[in-house]
Amino acid sequence: MGLSVTISAADAADAEHILKLQYLCYQSEAELYGDWSIEPLTQSLDGLRAELAEGYGLVARLGDEVVASVRARIDEDGTVRIAKLIVHPRMQRHGLGGRLLDGIERHFAGTDRAALRETPSPKRFQLFTGHRSEGNLRLYRSRGYAQVATRELGPKLTLVTLEKTAA
């Protein structure tokens with residue numbers, strides 16, 4: 001009898017588990033770009049807790065283990081900025097990333113605006129990834145995100161910003 005993956009809101013008690021998973025998941029990105037100083041690998045536990053407090057996060061659990069996560073916040077202009085979508089390497093390519101993206105979009109587009117502490121209605125969803133992160137780009141494009149900008153951060157890394165209009 002196997003365990004099923006459940007998705008729920010992240011809270012401060014999840015922060016340490018998320019940070020450990022984030023460190024594991026971003027190793028491949030650091031290797032891809034030859035840069036182990038990227039923010040997801042240097043973020044502090046307090047920084048992660050602050051992100052959760054200022055925005056909204058989801059975690060996916062297999063039993064008691066956190067195996068995936070995503071965070072987002074909405075700006076005053078209605079842009080939902082999605083960040084740090086991570087899936088444990090052994091759980092990748094099973095649809096978890098897509099489920100988390102769908103879940104975060106549903107949360108911010110939900111009709112229960114009171115639950116969102118009177119935040120503005122979302123106008124667009126936006127995220128970014130590195131130009132060589134083909135798996136990420138493929139996932140985001142398959143979910144309707146289109147490239148809107150690029151920004152060169154150095155000789156090895158160009159950030160690709162993608163977005164889609166909120167329904």
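Biologist: How many salt bridges does a search of the whole structure find?

Modeller: The model is a predicted one, and every value given here is computed from it. In general, side chains of opposite charge can pair when their charged atoms come close. With nitrogen and carboxyl oxygen required to lie within 4 Å, the number of salt bridges found in the whole structure is 12.

Biologist: With which residue does lysine 20 form a salt bridge?

Modeller: Lysine 20 is exposed, with a relative accessible area of 56%, and its partner is partly exposed at 42%. Both residues lie in helix α1, four residues apart, or about one turn of the helix. The closest N and O atoms are 3.5 Å apart, and the partner of lysine 20 is glutamate 16.

Biologist: Which residues of helix α1 are buried?

Modeller: Helix α1 covers residues 15-25, and its buried residues pack against α2 (27-33), α3 (39-42), α4, β2, β3 and β4. The buried residues are Ala15, Ile18, Leu19, Leu21, Gln22 and Cys25. Because they cover an arc of only 165 degrees around the axis, the residues just named lie on the same side of α1.

Biologist: Which order do the seven strands of the open sheet have?

Modeller: The sheet is open and its pairing is mixed; its edge strands are β1 (5-9) and β6 (146-152), each of which pairs on one side only. From one strand to the next the twist averages 25 degrees. Across the sheet, the order of the seven strands is β1-β2-β3-β4-β5-β7-β6.

Biologist: What is the bridge partner of threonine 6 in β2?

Modeller: Strand β1 is joined by five bridges to strand β2, which covers residues 56-62, and the two strands run antiparallel. Within β2, the bridge partner of threonine 6 is arginine 61.

Biologist: Do β4 and β5 run parallel or antiparallel?

Modeller: Threonine 79 stands opposite arginine 124 in β5. Three bridges join β4 to β5, and the direction in which these two strands run is parallel.

Biologist: In which sense do β5 and β7 pair?

Modeller: One bridge partner of threonine 129 is in β7, namely valine 160. Strand β5 is largely enclosed by the rest of the structure, because five of its seven residues are buried. Over seven bridges, the sense in which β5 and β7 pair is antiparallel.

Biologist: At about what angle to β3 does helix α5 run?

Modeller: Two helices can be described against β3, one of them being α4 (residues 45-54), which lies across β2, β3 (65-74) and β4 (79-87) and runs at about 60 degrees to β3. Helix α5 (residues 96-109) lies across β1, β2, β3, β4, β5 (124-130) and β7 (158-165), and its angle to β3 is about 35 degrees.

Biologist: Which residue forms an aromatic pair with tyrosine 56?

Modeller: The whole structure holds two aromatic pairs. The one that includes tyrosine 56 is edge-to-face, with 6.2 Å centre to centre and 90 degrees between the planes. Since tyrosine 56 lies in strand β2 and its partner in helix α5, the pair ties together parts that are 52 residues apart in sequence. Tyrosine 56 is partly exposed at 21%, whereas the partner is buried at 5% relative accessibility, and that partner is phenylalanine 108.

Biologist: Is lysine 84 buried or exposed?

Modeller: Lysine 84 is found in strand β4, and its phi is near 50 degrees, a positive value in a residue other than glycine. Its side chain also belongs to a network of salt bridges that links Glu39, Glu51, Arg71 and Lys84. The relative accessible area of lysine 84 is 11%, and because the cut-off lies at 20%, lysine 84 counts as buried.

Biologist: Where is arginine 93 found?

Modeller: Arginine 93 has a positive phi of about 70 degrees although it is not a glycine. With a relative accessible area of 74%, arginine 93 is exposed. Its place is the loop between β4 and α5.

Biologist: Which residue do the side chains of a salt bridge at 2.4 Å, N to O, join to arginine 81?

Modeller: Arginine 81 is partly exposed at 29% relative accessibility. Its partner is buried, with a relative accessible area of 11%, and also forms a salt bridge with arginine 73, where the closest N and O atoms are 2.4 Å apart. Arginine 73 is itself partly exposed at 40%. The residue that meets arginine 81 is aspartate 75.

How values were computed
Residues numbered from 1 in each chain as written. Predicted model: local features only at pLDDT ≥ 70, side-chain atom pairs only at ≥ 80, totals over all residues. Heavy atoms only, no water. Pairing = 2+ DSSP bridges. Axes fitted to C-alpha atoms, helices over the stretch in contact; angles between N-to-C directions. Contact = heavy atoms within 4.5 Å. Buried < 20%, exposed > 50% of the residue type's maximum accessible area, 1.4 Å probe, protein only. Phe/Tyr/Trp six-rings, centres within 6.5 Å; stacked < 30°, edge-to-face > 60°. Arc of directions from axis to C-beta.
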